[in-house]
Amino acid sequence: MPQLLIRPIGEIDSDFSIPDYQRGYRWEKINIEQLLEDLYQFALDQKAGNTYFLQPVVVKKIDENQFELIDGQQRLTSLFLLGKILGLNEEDPLKLKYNLEYQTSGDLSSYLKSITNPDSNISEEEFKSDPNKFYMNQAYKTINEWFDSKGAPPGPIKTKIRALLQPNNEDDVNQKLAKVIWYETDSDNPEDEFRKLNDYAIKLTNAELIKALILRFKQTKDIDENKEQIITAAQWDNIEKQLSNPSFFGFLTNEKIQSYDTKIDLLFELHFKKGHHSYNKYETLQEVEKELKNKSEIELWREIYHSFEIISSWYNDKKMYHKIGYLVATSGKNSILPELLEQSRSERHSVFESRLDARIKEKVRNFDFDNASFGEDSIENMLILYNTLLILENENNKNFFPFYLLKSKKWEIEHIQPRSDADFKRRTELYDEWVEKNVTDEDRTLEEYTAYLHSKNTKSQIRTSFEALYEKIVEKYSDQNSDWINGIGNLCLLEKGNNIAVSNYLFTTKREMIMEFDKNGDFIPLGTKNCFMRYFENASERNIPFWTSQDRNAYIQDIKRVLVDYLNDEMEEVGDDK
């Protein structure tokens with residue numbers, strides 16, 4: 001089986017042979033500068049942890065302390081050049097212990113070791129005969145120029161980076177080191193491994209490296225241990241399969257599923273309390289390495305798998321799913337799941353659920369039904385909770401609120417009765433469609449309609465006649481009381497694409513369009529559907545062609561009814577009529 005180790009740069013003391021099937025050293029200035037900047041920023045960042053991981057180094061053992069370097073030539077060559085410059089300090093020299101031999105050129109190794117003058121130039125003939133020397137010389141010059149570009153004396157900066165390339169000091173718990181992920185393959189065809197990693201862009205991901213650490217097979221006669229490893233491998237595959245389900249993944253996080261090469265990385269982030277876009281993309285690998293110093297691979301995996309069992313049980317429990325799903329969905333980039341996982345391990349279920357309810361109540365308890373207005377986060381939080389609990393309150397409803405759709409698509413707050421028509425009136429290309437959908441056969445007898453049909457000469461005439469027809473129709477069908485036009489009684493939750501489609505139309509037209517969306521399989525939140533179908537106690541008759549004050553009152557009272565356990569104990573029965 002392949003072997004995986006985490007090795008500080010300062011402790012690599014091997015002889016590497018770089019085969020001729022590789023292209024040679026080709027790092028540009030931008031690659032060198034990025035490496036130096038990353039190392040320097042890591043050295044300065046007190047919150048970045050103690051390890052900076054470079055990309056994996058893939059090797060095939062040839063002999064004792066001798067390896068064929070399959071992947072990692074560019075990084076190790078660049079670090080060797082950096083080590084030469086940092087080794088020039090007589091008081092605190094750095095000497096990296098590894099050597100590089102290049103099969104493409106017999107004297108290239110000697111040339112690499114002899115580079116000392118950053119101002120030397122490579123002749124055109126020498127560049128054509130061996131471009132490796134040109135790129136090595138350019139990299140050496142770039143490193144020196146980078147140190148000079150910092151504006152301050154380079155000594156302190158060099159000291160910080162030099163410290164990252166030292167061997168591990170067991171007595172220094174705060175030591176920061178740059179390390180490589182050492183992946184020793186057992187492949188009989190190293191060139192094929194190289195092709196996979198480069199030509200086909202197959203990379204060793206964070207999750208695959210963790211898997212190699214946890215599933216390290218040892219030569220043992222212990223049947224139980226071998227069985228445990230087989231079970232672990234099967235559990236791993238099952239977790240990856242389960243987390244690839246968009247519904248499960250979207251329940252757990254607000255991150256996009258496409259941003260994870262392997263979905264099990266999300267489980268590691270939750271278990272080890274790490275963010276997705278942290279400074280160190282191998283941060284959870286570092287945590288695994290740290291944990292394995294004090295426990296076995298089997299013990300660590302059991303803890304990780306227990307975390308998966310917990311979140312899986314939440315996903316399959318309707319009550320837990322909706323309460324936790326709501327809290328995750330309204331928490332932005334700040335995931336609360338790691339904290340919930342920790343609490344669930346140490347608390348009784350009843351206590352844990354009470355904590356969930358308290359968190360939800362904190363989000364909505366002081367909601368101001370009279371003054372909360374369109375654009376405020378509190379409106380969105382309230383409507384998401386309302387639509388979530390509508391599903392949860394009906395025991396016969398086997399559906400679950402699709403939190404993954406709430407995140408994979410852009411959702412917006414829609415005005416049930418149109419808020420403003422200023423922008424719409426300027427778009428003459430939309431006039432005919434609006435007239436087709438909002439002017440009934442009865443209304444086509446209006447003189448304003450006739451005037452619009454005959455106003456096709458200039459844009460000015462078209463706009464004037466349309467506005468007259470528009471005002472006539474709106475006056476006829478819309479409730480003139482607009483005090484609550486931006487209040488929650490006139491707002492609902494709708495997917496952005498559908499929102500744009502219906503935004504400028506009157507209530508009756510919106511209702512028909514939303515019914516069509518629903519029929520075509522689009523997800524329409526239950527609360528939104530109830531609004532346009534008037535499924536509320538004390539709502540207006542369904543044939544009334546506008547959203548009335550009576551409807552808004554009925555809608556608000558239904559929100560209060562559904563959220564009664566999460567609102568303040570003393571709630572005034574407030575309507576929208578003053």
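Reader: Before we start, what do buried, exposed and partly exposed mean here?
Author: Buried means under 20% relative accessible area, and exposed means over 50%. Whatever falls in between is called partly exposed.

Reader: Good, so how does K61 count?
Author: This is a predicted model, by the way. K61 has 39% relative accessibility. That value lies between the 20% and 50% cut-offs, so K61 counts as partly exposed.

Reader: Which residue does K61 meet in a salt bridge, and how does that partner count?
Author: The side chain of K61 meets the one of E64, at 3.7 Å from N to O. With 62% relative accessibility, which is over the 50% cut-off, E64 counts as exposed.

Reader: How many salt bridges does the structure hold?
Author: The K61 and E64 pair is one of them. For the structure, the count comes to 26.

Reader: What separates K290 and E287 along their helix?
Author: These two side chains also form a salt bridge, 3.4 Å from N to O. K290 is partly exposed because its relative accessibility is 42%, while E287, at 12%, counts as buried. Both sit in helix α12 (residues 283–291), 3 residues apart, so what separates them is about one helical turn.

Reader: Which residues are linked with K290 and E287 in a network of salt bridges?
Author: K290 and E287 belong to a network of salt bridges. The other members are K274 and E283.

Reader: How many residues apart are K319 and E353?
Author: Their side chains meet in a salt bridge at 3.7 Å, N to O. The pair links distant parts of the chain, with K319 in helix α14 (residues 318–329) and E353 in helix α16 (residues 349–364), and the separation is 34 residues.

Reader: Is E353 buried or exposed?
Author: Its partner K319 is partly exposed, at 40% relative accessibility. E353 has 14%, and since that is under the 20% cut-off, E353 counts as buried.

Reader: What span should helix α13 have, at 1.5 Å a residue?
Author: Helix α13 covers residues 297–316, which makes 20 residues. Its end C-alpha atoms are 28 Å apart, and this agrees with the expected span of 28 Å.

Reader: How many residues of helix α8 are buried?
Author: Helix α8 runs over residues 206–214 and is mostly covered. Among its buried residues are N206, L209 and L213. The count is 7 of 9.

Reader: And what share of the residues in the protein is buried?
Author: The protein has 26 helices and 9 strands. Of its 578 residues, the buried share is 51%.

Definitions and conventions
Residues numbered from 1 in each chain as written. Predicted model: local features only at pLDDT ≥ 70, side-chain atom pairs only at ≥ 80, totals over all residues. Heavy atoms only, no water. Buried < 20%, exposed > 50% of the residue type's maximum accessible area, 1.4 Å probe, protein only. Helix = DSSP H or I, 4+ residues; strand = E, 2+ residues; numbered from the N terminus. Expected span 1.5 Å × (residues − 1). Salt bridge = Lys/Arg side-chain N within 4 Å of Asp/Glu carboxyl O.
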